[in-house]
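Reader: I've got a model open and I'd like to learn how to read its features one by one. Could you take me through it?

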Amino acid sequence: IPEEAARKIPEGFRNSILWQAGHIYQVAEHFAFASWGLEAKQFDLFREFFANTTSPAGWTRQPPTLAEVAQLLAGQPERIRQQWRGKTDEPLVKPYTTRTGHTMHTFSEILGFIIYHEGMHYQVIKMYKSMVLK
């Protein structure tokens, strides 16, 4: 997807392909690292641009490029594997409850949520792509 197309906000929507991809990364960093006091790559920067309440319409400076987001996304699964290898079914120090009230007690449950969340936003990316690359 060309950078210009990734930055377009389809009519009637509030975010872009770039936002969707950055949001996927930001949420996985939150659940896999930041929530547990672990080092999260580019977390503050990505939260500024890609958290739930953000939109490209409100950006006051340049966000990471689609290529930068893609590079971080490509390395993220291995970082998660390294961090959580052999610990996925151990009880979390403190269960994590989402804003929607879903409580997770192990990292396996969190990983399921990360994958589910990514799938939802991947579908939006596919839809936006068909709209911006007409």
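**Reading the model, feature by feature**

Author: Let's start with one residue: Arg61 is partly exposed, at a relative accessible area of 46%. Buried means under 20% relative accessible area, exposed over 50%, and partly exposed in between (1.4 Å probe, protein chains only). Before we go on, this is a predicted model, so local features need pLDDT of at least 70, side-chain atom pairs count only at pLDDT 80 or more, and totals for chains, interfaces and linings use all residues. Residues are numbered from 1 along each chain as its sequence is written, and side-chain values use heavy atoms, with hydrogens and water left out.

Reader: Which residue does the side chain of Arg61 meet in a salt bridge?

Author: The general idea goes like this: side chains of opposite charge can pair when their charged atoms come close. A salt bridge here is a side-chain nitrogen of Lys or Arg within 4 Å of a carboxyl oxygen of Asp or Glu. In this case Arg61 pairs with Glu48, at 2.7 Å from N to O. That pair links distant parts of the chain, with Arg61 in the loop between α3 and α4 and Glu48 in helix α3, 13 residues apart. Glu48 is partly exposed too, at 37% relative accessible area. Helices (H or I, at least four residues) and strands (E, at least two) are DSSP runs, numbered from the N terminus.

Reader: How many salt bridges does the rule give?

Author: The count comes to five. One of them joins Glu29 and Arg79, whose closest N and O atoms are 2.7 Å apart. Here again distant parts of the chain are linked: Glu29 sits in helix α2 and Arg79 in helix α4, 50 residues apart.

Reader: Are Glu29 and Arg79 buried or exposed?

Author: Both are buried. For Glu29 the relative accessible area is 0%. Leaving out residues up to four places away in sequence, Glu29 touches Ala34, Ala40, Lys41, Phe43, Gln76 and Arg79, where contact means heavy atoms within 4.5 Å.

Reader: Where is Lys41, then?

Author: Lys41 is in the loop between α2 and α3, and it is partly exposed at 41% relative accessible area. Not counting its neighbours within four places in sequence, Lys41 is in contact with Tyr25, Glu29, Leu72 and Arg79. The C-alpha atoms of Lys41 and Arg79 are 9.9 Å apart, with their positions 38 residues apart along the chain.

Reader: Anything odd in the backbone of that loop?

Author: Have a look at Gln42, which has a positive phi of about 60° although it is not a glycine. Gln42 also lies in the loop between α2 and α3, and counts as partly exposed at 43% relative accessibility.

Reader: What should I know about pairs within one helix?

Author: An α-helix has 3.6 residues a turn, so residues three or four places apart point the same way. Take Glu78 and Arg81, which form a salt bridge with the closest N and O atoms 3.0 Å apart. Being three residues apart in helix α4, they are separated by about one helical turn. Glu78 is partly exposed at 34%, and Arg81 likewise counts as partly exposed, at 45%.

Reader: Which residues of helix α3 are buried?

Author: In α3 (residues 43–50), Phe43, Phe46, Phe49 and Phe50 are buried. They cover an arc of only 135° around the axis, so they lie on the same side of α3; the arc is that of the directions from the helix axis to the C-beta atoms. The buried residues of α3 pack against α2 (17–32) and α4 (66–84).

Reader: And how do I check the length of α5?

Author: The expected span of a helix is 1.5 Å times one less than its number of residues. For the 26 residues of α5 that gives 38 Å, and the end C-alpha atoms are 36 Å apart, which agrees. Among the buried residues of α5 are Phe107, Ile110, His117 and Tyr128. The buried residues of α5 pack against α1 (3–7), α2, α4, β1 (91–97) and β2 (103–106).

Reader: What about Met127?

Author: Met127 is found in α5 (residues 107–132), and is partly exposed at 32% relative accessible area.
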